[in-house]
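Me: Please examine the structure below with me, taking each label in turn and setting it against its definition.

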Amino acid sequence: MELSPEQKKALEEQKAQCPFCKIVKGEIASKKIYEDNLLLGILDINPAAKGHVLLMPKEHYPIMPFLPHETFTALFEKAHAIADAIQKGILATGINIFIANGAAAGQQSQHFMIHLIPRESRDILENFLVPSKSIPQEEIKKPKEMLVNNIGIMMGNHFKRHPAKWHDISKDRMGTIPQTFNIEQVLAIIEKNPQLKAAIEQDPHAFGELIKENEQLRMVFKDVSYDDVLAKLGISQKKKNNSEKKEITKNRTSEKENSKKQKKNKDDDVDLDDIAGLL
Amino acid sequence: MTTTTFPNQQQLVYSDEKAQVYLSENPCAVGHILVFPKETAKKIENIDAATFAHLISVASFASTAIFEGLGLQGTNILVQSGNEANNPYEQLCIQVIPRKFDDGLNFQWKPQKEEDMNTIQENINNYKLSFQNLLNLL
């Protein structure tokens, strides 16, 4: 996250006052549970339960979105190991990890940290029971579409920047979109993306084939007929036939060109992923 | 401790190879989200560290999405490993909770009396050391 010079200055002032920065520097004593070059884990002096550990980045970040990717990953991979050690060390069978983003969420320290709190079946803690409130069904459902779109796009960008070993970006970038589109929506997707429209106009038949091959495209065109979409776009069947001939000639061309075409198809997929997310 | 049935597929808002994200059917606020691992895992120790970090990164993005999209003032992310940790599901659960100043929610605990911190530190460190050694061997 980029900070303005004013924000940087405010952050520096915050750091100078921060008790946890002093603990990191060793100016205030603490009971250390874990330490490496990025992280520090200490026992909380006001514990919710026996074995309550605070795990924090050594660097002062006010909220979670400020954490660089490496720190974020290290923090939670180590939290996983420390959670195990806490449970074994104090003979607990369950654990809560609690994160507060913002004062409204109960964040008390301006130095971002996570709380690891071991739990037993008969302990006295009741504050982590998440209540359910009576909210009208239509209110509950409202954010669904926004979330389907936004989490997909965010994770897509995240995987593009930090591909995980197990994750094939080209294949499953958006995860599953549990959504179907009617013909108006499909046309809207096409209208919103001139590149996509050009690809269909240029070679309607090849694009039809692409729909069959590509999972993401299949999802979008699941409930509509491709021919109907072509008709609505005013792309004639005749042109489609022409391109069919083109396709046959293309098939005879060298492997090198084929792989080029595949590469192009891949580029089209990526565009479409973005568009599907925009709806 | 009563357990709740797993959310309906209709509530699914995101899924990938390792994570599945649902809108809560019995929310504590509009935009209350549940993140689960795809594999069957009741507790945090049943999944590997990389998967856990991935689940939290999904939860973090979900948190940003509701924060921006619903105009919130804060969010909580709460990992519940085991029914003893107030997890109503039979699957490891990460709750992403929308927060506003006057929402009537409160997850703050009352501080307990400090116990023998030296012993606690020693006990945890004993296990942590063995774990660290294991990691170094890998």
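The exchange that follows deals with cavities, pockets, a helix and the contact of two chains.

Reply: This is a predicted model, in which local features need pLDDT of at least 70 and side-chain atom pairs count only at pLDDT 80 or more, while totals for chains, interfaces and linings use all residues. Residues are numbered from 1 along each chain as its sequence is written, chains are lettered from A and ligands numbered from 1 in the order in which they are written, and side-chain values use heavy atoms, with hydrogens and water left out.

Me: What makes a space a cavity, and what makes it a pocket?

Reply: On a 1 Å grid over the protein atoms alone, a cavity is a set of points where a 1.4 Å probe fits but cannot get out, whereas a pocket is an open set with protein on both sides within 12 Å along at least five of seven lines. Four cavities of 30 Å³ or more are found, and the largest holds about 60 Å³; a volume is the space filled by probe spheres set on the points, which are joined across faces, edges and corners. The largest pocket holds about 690 Å³.

Me: Why is Leu43(A) called a lining residue of the largest cavity?

Reply: A lining residue has an atom within 4 Å of a point. Leu43(A) is therefore counted in that lining, as are residues of chain B including Met117(B) and Ile120(B).

Me: How are the 27 residues lining the largest pocket classed?

Reply: Twelve are nonpolar, 13 polar and two charged. Ala, Val, Leu, Ile, Met, Phe, Trp, Tyr, Cys and Pro count as nonpolar, Asp, Glu, Lys and Arg as charged, and the others, Gly among them, as polar. Met64(A), Pro65(A), Phe66(A), Ser60(B) and Thr64(B) lie nearest the centre. Helix α1(B) gives the most to this lining, with seven residues.

Me: Why is the span of α1(B) called close to the expected one?

Reply: Helices are DSSP runs (H or I, at least four residues), numbered from the N terminus. The expected span is 1.5 Å times one less than the number of residues. Helix α1(B), residues 49-69, has 21 residues and reaches 30 Å from its first C-alpha to its last, against 30 Å expected, so the two agree closely. Just after α1(B), Gly71(B) takes a positive phi of about 60°.

Me: How do you know that chains A and B are in contact?

Reply: Contact means heavy atoms within 4.5 Å, and 82 residues from chain A and 82 residues from chain B take part. The buried area (accessible area, 1.4 Å probe, lost on putting two parts together, summed over both) is about 7,200 Å², of which carbon and sulfur atoms give 67%.

Conventions
Helix = DSSP H or I, 4+ residues; strand = E, 2+ residues; numbered from the N terminus.
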